[in-house]
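Biologist: Please take a close look at one part of this model, its largest pocket. What lines the largest pocket?

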Amino acid sequence: ILRMKPRPTALLCTNDLMAFGALRAAHQFNVNVPKALSIIGFDNLPVCDMVTPPLSSVDIPRRDMASHMFRMLMKASESKQFQKLPTPQIKTSLKLRASTARAPR
């Protein structure tokens, strides 16, 4: 991705660990984060504040997610309808940190 011409101005990684790898690769390619490339992770792990630059990440309330999943599994096991499980609606939030900025012009 960092070798693409033109290079993307932002990466939304599927999880924070992948975003940490993207931060490292950007550093190795001398790509300035966030001036030339914004990076966002997904999980909001506690270590997001400990990397350089601190990683912006989508926060998922794990307790809410676990509660929804438990209720869904209980309903499914009672009704024996495992194929028809509804998709839970979990409220997420974006934790902006120093790994993101406006796209360069």
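Modeller: Here is the pocket, followed by the sheet and helix around this topic. This is a predicted model, where local features need pLDDT of at least 70, side-chain atom pairs count only at pLDDT 80 or more, and totals for chains, interfaces and linings use all residues. Residues are numbered from 1 along each chain as its sequence is written, and side-chain values use heavy atoms, leaving out hydrogens and water.

The largest pocket holds about 210 Å³ of space. A pocket here is an open set of points on a 1 Å grid over the protein atoms alone, where a 1.4 Å probe fits, with protein on both sides within 12 Å along at least five of seven lines. Lining residues have an atom within 4 Å of a point. Volume is the space filled by probe spheres set on the points, joined across faces, edges and corners.

The lining consists of Ile1, Leu2, Arg3, Leu11, Leu12, Cys13, Met18, Ala22, Ala25, Phe29 and Leu37. Two elements, β1 (10–12) and α1 (16–28), each give two or more of these residues. Helices (H or I, at least four residues) and strands (E, at least two) are DSSP runs, numbered from the N terminus. The largest share, three residues, comes from α1. By class, the lining has ten nonpolar residues, no polar and one charged. Ala, Val, Leu, Ile, Met, Phe, Trp, Tyr, Cys and Pro count as nonpolar, Asp, Glu, Lys and Arg as charged, and the others, Gly among them, as polar.

Now the sheet. Four strands form an open, mixed sheet, ordered β1-β2-β3-β4. Strands pair if DSSP finds at least two bridges between them. β1 is an edge strand, pairing on one side only.
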